[in-house]
Structure formats: C-alpha cells, structure tokens
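Me: I would be grateful for a close look at one part of this structure, the sheet and the spaces around its strands. Please explain it in connected prose that a first-year student can follow.

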Amino acid sequence: MNRIDRRFAELKAAGRRGLIPFVTAGDPAPDATVAVLHALVDAGADLIELGVPFSDPMADGPVIQHANERALARGVGLAQILAWVREFRVKDAATPLVLMGYLNPIESYGFERFGRDAVAAGVDGVLLVDCPVEESATAAPLRAAGLRQIFLAAPTTAAARLGQLRERAEGFLYYVSFAGITGADRLSVDTVRKRVATIKAGLDLPVAVGFGVRDAESAAAIAAFADAVVIGSALVERLAASSSAHKACAEARGFLAPIRKALDGVTAAHAA
C-alpha cells in the first residue's frame with residue numbers, strides 16, 4: 001500500500017483530520033530543507049507537500065513565487081530534491097511526501113527516469129498543476145512507477161469533469177477553495193462546505209482543502225467537513241526570513257503546532 005493510502009486509512013480509523021503543510025524545496029535555504037521536513041512531522045504533519053521550484057508557477061501567488069525564485073537562484077532542481085527525500089527517509093519511513101509543481105522540470109528530467117528515481121528516493125505522489133485529468137496520459141509513466149497522481153478540483157469544475165476526477169483520482173483529491181492563486185484571503189467556509197459535500201458524493205477517496213487556509217481558526221473551520229487541510233503560503237511566508245536551519249525549524253514547529261491542536265480539537269468535538 002502506498003504511504004498516502006496508508007496514512008489516510010490510519011486517519012480515518014482514528015477519526016482524525018489530516019494536516020498537510022506545503023513548503024518549497026530549497027527555501028528558506030537548501031541546507032534547511034530536510035530539517036524543516038522533520039520539524040513539520042514533529043509538529044503534527046500527516047503528509048507533506050514539497051514544492052518543486054519552477055520559473056513560471058501559474059497557480060501560485062507572490063509568496064510562493066518568491067520562494068521559487070529564491071530556490072532557483074540557489075540552483076535547486078529535481079536531482080537535489082530527490083537527494084533530500086532520500087536523506088529524509090533515513091529517519092522517517094512513514095510520512096507521505098508529495099512533490100507539487102509543474103510538468104516542465106519532469107519532462108526535462110525524463111518521465112520514466114523520474115518515476116523510477118522518485119519512487120526509489122521515497123516520493124509517494126505528484127501534484128502537477130498543469131497536468132489536468134484530461135491530460136493524465138502524460139503522467140502515465142509516473143503512475144506506472146508507483147506514484148499517486150493527485151488531481152485538483154475547483155469551484156468552477158463542471159459536473160462532467162468532476163465525474164472524470166472521481167474515476168481517476170488517486171491518493172486524495174485536492175479541492176482548491178476558490179478560483180484564484182495561492183495565498184489570497186477570500187475563504188468562504190459555507191461555500192466550501194457545500195462544494196465539498198457535492199464532491200464527496202460518489203467519491204471513495206479523501207478530500208483535502210487548500211488555498212486560503214492561513215491559521216488554526218480557518219484550518220479548524222475547514223476540518224469540520226474535509227478529510228484534510230492543506231496550508232502553504234502562510235507557512236512559506238513564516239519561514240522566508242529564517243537566517244538558519246535551526247531558526248527555520250523553530251518557525252515551522254511554532255507555526256504548525258497550534259494548527260495541529262486545533263484539528264485535534266475538531267476530532268474530539270466530533271467524537272464527543
């Protein structure tokens with residue numbers, strides 16, 4: 001069983017909500033990446049999205065765009081990221097890792113080669129923003145290697161396309177809470193709740209909600225009806241000014257721990 005599937009099965013059995021932080025590989029500093037991943041797990045992350053730096057991140061707002069720029073300026077690429085994943089796996093064989101990014105770096109690396117190397121390193125899935133379900137054949141070599149391809153659904157996703165997603169989604173379905181870029185502050189919990197209920201009807205996979213989740217309060221509100229919460233821009237912004245790996249780890253723990261506590265409170269409330 002893939003680590004993603006196993007982790008969500010564990011969460012469901014325990015009645016817990018998943019916490020999925022996003023960080024950009026190589027930011028705030030290359031030597032901090034592996035340590036920050038471990039710090040996030042220590043603070044309660046159930047799964048981690050590790051962003052692959054790209055020069056034209058169309059779905060991302062200024063915070064993650066700048067993180068991409070900083071990482072690229074330091075020469076961070078797929079080979080280095082896979083090396084960091086291998087290093088992370090020395091001490092953590094259980095926490096699922098999903099690489100989030102765009103097709104171009106993988107195409108340059110080679111799809112079959114990347115699939116093979118990513119699985120060997122310990123990657124569990126990929127979320128490719130510019131590879132929608134209609135173009136999923138492009139990523140077939142990645143799935144054949146054992147990676148889960150995580151798809152996105154949005155408020156604008158039509159019913160017919162949602163049917164395709166229900167048929168082909170793997171691992172979990174990532175629901176983008178509003179039509180826009182990461183980091184925007186326009187979260188409407190009631191609107192998201194209704195949309196998630198529609199998406200989950202007939203879907204035998206967990207639904208994680210991201211975009212617009214910035215703190216413990218908004219995370220807990222989403223966790224009342226979603227299987228997992230994704231939080232990225234607010235965390236990346238918190239880490240950006242860290243001057244050392246030690247400082248970055250402290251910031252990561254300090255940011256994520258209250259959110260973990262809030263999600264556990266939602267679990268306890270539903271169990272009561």
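Reply: In this predicted model, strand β4, helix α7 (residues 140–145) and strand β5 together form a β-α-β unit that is right-handed. The two strands of this unit, β4 and β5 (residues 148–149), are paired in the parallel sense through 2 bridges. One residue pair shows where they meet: Gly125 has Arg148 in β5 as its bridge partner.

Strand β4 covers residues 125–128, and its side chains alternate in direction. Gly125 and Leu127 point one way, Val126 and Leu128 point the other way, and all are buried. Strand β3 (residues 97–101) also pairs with β4 in the parallel sense, here over 4 bridges. In that pairing, Leu128 of β4 has Gly101 standing opposite.

These pairings belong to a wider arrangement. The sheet is open, has 9 strands with parallel pairing, and follows the order β5-β4-β3-β2-β1-β9-β8-β7-β6. Strands β5 and β6 (151–153) stand at the edges with a single partner strand each, so one side of each has no neighbour in the sheet.

Further along this order, strand β1 (residues 18–24) pairs with β9 in the parallel sense over 4 bridges, and Pro21 stands opposite Ile231 in β9. Strand β9 (residues 228–231) is also joined to β8 by 2 bridges, and these two strands run parallel. Here Ala208 has Ala228 in β9 as its bridge partner. The chain passes from β8 to β9 through helix α10 (residues 216–223), and this β-α-β crossover is right-handed.

Strand β8 (residues 207–210) is covered on both faces. Val207 and Val209 lie on one side, Ala208 and Gly210 lie on the other, and all are buried. Strand β7 (residues 173–176) runs parallel to β8 and is joined to it by 4 bridges; within this pairing, the bridge partner of Tyr175 is Val209 in β8.

The next topic is the packing of nonpolar side chains. In soluble globular proteins, such side chains tend to be buried together. The largest nonpolar core here has 73 residues, and those that touch the most other members are Val36, Leu40, Leu99, Phe114 and Leu142. Helix α12 (residues 245–271) gives the most to this core, with 9 residues. Leu99 gives a view of the surroundings: neighbours within four places in sequence aside, its contacts include Leu50, Val52, Ile81, Phe114, Gly125, Val126 and Leu127. A second, separate core has 21 residues, among them Ile20, Leu127, Ala228 and Val230.

Finally, some space is left unfilled. There are 3 cavities of 30 Å³ or more, and the second largest has a volume of about 90 Å³. Its lining includes Phe22, Thr24, Gly51, Asp60, Asn68, Met100, Gly101 and Val129. The elements that give two or more residues to that lining are β1, α3 (62–73) and β3.

The largest pocket holds about 390 Å³ of space. Its lining has 17 residues, of which Phe8, Lys12, Leu205, Pro206 and Asp227 lie nearest its centre. Helix α1 (residues 3–14) gives the most to the lining of this pocket, with 6 residues.

Note on methods: Residues are numbered from 1 along each chain as its sequence is written. This is a predicted model: local features need pLDDT of at least 70, side-chain atom pairs count only at pLDDT 80 or more; totals for chains, interfaces and linings use all residues. Side-chain values use heavy atoms; hydrogens and water are left out. Buried means under 20% relative accessible area, exposed over 50%, partly exposed in between (1.4 Å probe, protein chains only). Two strands pair if DSSP finds at least two bridges between them. A crossover is right-handed if, with the strands pointing away from the viewer, the path from the first strand over the helix to the second runs clockwise. A nonpolar core is a set of buried Ala, Val, Leu, Ile, Met, Phe, Trp, Tyr and Cys residues joined through side-chain atoms within 4.5 Å. Contact means heavy atoms within 4.5 Å. On a 1 Å grid over the protein atoms alone, a cavity is a set of points where a 1.4 Å probe fits but cannot get out, and a pocket is an open set with protein on both sides within 12 Å along at least five of seven lines; lining residues have an atom within 4 Å of a point. Grid points are joined across faces, edges and corners, and a volume is the space filled by probe spheres set on the points.
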